[in-house]
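Me: I have a structure to work through with you. Let's take it in short questions and answers.

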Amino acid sequence: MPEEHIGRRIRYWRRRRGGMTQQILADRAGLSQSYISQVENGIENPDSRSTLIAIAQALDISMAELLGFPGDPADPNKAEAVASVPEVRLALLEVEIMERPAEARSGDELAARLARIDALRLSCDFANSVPELPYLLRHSIGHSPRLRAAILHATASLLRSIGYRDLAWRASDMALAAVRESDDLSLLGPVQFTRLKCMPGERPALLEAEARRTYEELQPHTSDELTRRGYGALHLSAALVESVQKRTVDLNSHFDEAASVARSLGEPLHPGGMSMSFGPTNVDLWRMATALELGQFHRVVEISKDVDPTALRDANRISTYWLDSARALAHLPGREGDALAHLQKAKDAAPQYMRILPAARNTVSVMITRAKRAAVADDLRKMASWMGM
């Protein structure tokens with residue numbers, strides 16, 4: 001199946017639906033036929049989750065089927081990470097049935113390895129982090145539920161980053177079970193925060209209910225710093241779900257609560273692990289994400305002007321800052337050059353992440369399609385070539 005841009009995937013699935021016309025798809029999704037046409041031809045990029053959900057439901061497919069997870073198959077970094085996924089799957093099964101390894105490893109060794117993986121994850125180095133997961137998972141069996149939850153949490157985060165969302169969801173469910181077994185509420189927020197990001201987006205009301213149930217459970221226990229970070233992060237999750245549903249009534253209250261918690265904590269000294277990089281800067285990044293979801297592209301740009309992404313010390317989040325800014329700029333007439341410059345900065349921050357991320361590839365593809373009416377800029381052509389497009 002062609003995967004240069006999301007429009008081609010939409011056309012592919014539409015034609016598999018008994019010759020469904022653009023008009024029928026538009027009617028079912030609550031969109032216009034002209035918009036569907038522009039999306040399929042790569043002129044418009046459906047950036048909002050709500051639009052993608054509507055199109056997927058109209059095509060009677062899942063979001064995973066609609067989006068896929070494009071990436072250059074010749075990219076050795078992704079290939080090395082993906083090659084380890086079957087072994088990760090088996091290791092998760094062994095953890096599930098608690099099949100102990102022949103030789104035990106100390107908790108200190110596993111914690112040190114987990115810290116190394118987390119450092120690699122912060123720099124979006126999937127080629128060197130994902131292959132470490134089977135060892136960690138297998139040797140977590142027999143250790144404390146807290147250590148097992150931390151290892152499963154890292155597994156879920158990495159699997160989601162390379163596109164294995166269903167497997168990541170399974171790992172995050174297992175992490176949640178380990179947290180409940182440990183009876184340590186400080187881990188609940190971070191694990192649930194990642195679990196919500198792994199769950200299918202087709203039922204945003206369910207995600208909202210899960211977020212609310214968890215932050216209400218955590219609220220009486222926020223004297224603990226990690227619990228407070230998890231509590232604040234879950235309000236960010238709830239805010240994004242509100243924006244997907246185009247319900248802005250409670251949006252500001254979620255951000256007010258998250259910002260208040262973030263100010264009391266400051267930026268995390270150690271942004272990886274369970275901290276979720278939650279702090280004042282990350283709250284602003286989520287404000288950008290919700291504004292992008294609502295189609296408020298000028299607002300995204302305005303918010304970005306007051307954000308210093310380097311305060312995060314997290315390549316994933318820094319890259320996301322530049323990418324979301326670029327996606328908004330790509331929608332504004334005459335800002336294509338700025339959008340490309342910000343895409344380049346996103347690439348510089350986290351090359352492996354940018355090369356495989358659907359949102360990045362879709363943005364570049366749409367910019368190329370628009371530019372073909374004149375001449376594709378050399379820098380844009382180089383970016384597309386680097387992405388294997």
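Me: Among contacts in the protein between residues at least 6 apart in sequence, what percentage join residues at least 24 apart?
Reply: Keep in mind that this is a predicted model. Start with the contacts between residues at least 6 apart in sequence. Then pick out the ones that join residues at least 24 apart, and the share is 68%.

Me: How many helices and how many strands does the protein have?
Reply: Look at the secondary structure of the protein. The strand count is zero. The helix count is 23.

Me: What is the radius of gyration of the protein, and what does the globule rule give for 389 residues?
Reply: The two values are close, so the protein is as compact as a globular protein of that length. The rule gives 21 Å, and the radius of gyration of the protein is 21 Å.

Me: Which element has the lowest mean pLDDT, and which the highest?
Reply: The protein averages a pLDDT of 89, and 95% of the residues score at least 70. At the top among the elements is helix α18, residues 297-304, with a mean of 97. Where pLDDT is low, the predicted coordinates should not be read in detail. The lowest mean, 77, belongs to residues 378-386, helix α23.

Me: Is isoleucine 36 buried or exposed?
Reply: Isoleucine 36 sits in helix α3, residues 33-40. Leaving aside neighbours within four places in sequence, its contacts include Leu25, Ala26 and Ile55. Its relative accessible area is 1%, and the cut-off for buried is under 20%. So isoleucine 36 is buried.

Me: How many Å separate the C-alpha atoms of isoleucine 36 and proline 268?
Reply: Along the chain, isoleucine 36 and proline 268 are 232 residues apart. In space, their C-alpha atoms are separated by 43 Å.

Me: Which residues is serine 237 in contact with, leaving aside its neighbours within four places in sequence?
Reply: Serine 237 belongs to helix α15, residues 225-244. Its relative accessibility is 8%, so serine 237 counts as buried. Its contacts beyond those neighbours are Phe193, Leu196 and Trp286.

Me: What percentage of the residues of the protein count as buried?
Reply: Isoleucine 36 is buried, and serine 237 counts as buried too. Now take the 389 residues of the protein: the buried share is 56%.

Me: How far apart do the centres of the positive and negative side chains lie?
Reply: Count the charges first. There are 49 positive and 50 negative side chains. Take the centre of each set, and the distance between the two is 5 Å.

Terms used
Residues are numbered from 1 along each chain as its sequence is written. This is a predicted model: local features need pLDDT of at least 70, side-chain atom pairs count only at pLDDT 80 or more; totals for chains, interfaces and linings use all residues. Side-chain values use heavy atoms; hydrogens and water are left out. pLDDT is the predictor's confidence in each residue, from 0 to 100. Helices (H or I, at least four residues) and strands (E, at least two) are DSSP runs, numbered from the N terminus. The radius of gyration is taken over C-alpha atoms; the globule rule is 2.2 Å times the number of residues to the power 0.38. Buried means under 20% relative accessible area, exposed over 50%, partly exposed in between (1.4 Å probe, protein chains only). Contact means heavy atoms within 4.5 Å. Lys and Arg count as positive and Asp and Glu as negative; His and the chain ends are not counted. The place of a charge is taken as NZ of Lys, CZ of Arg, CG of Asp or CD of Glu.
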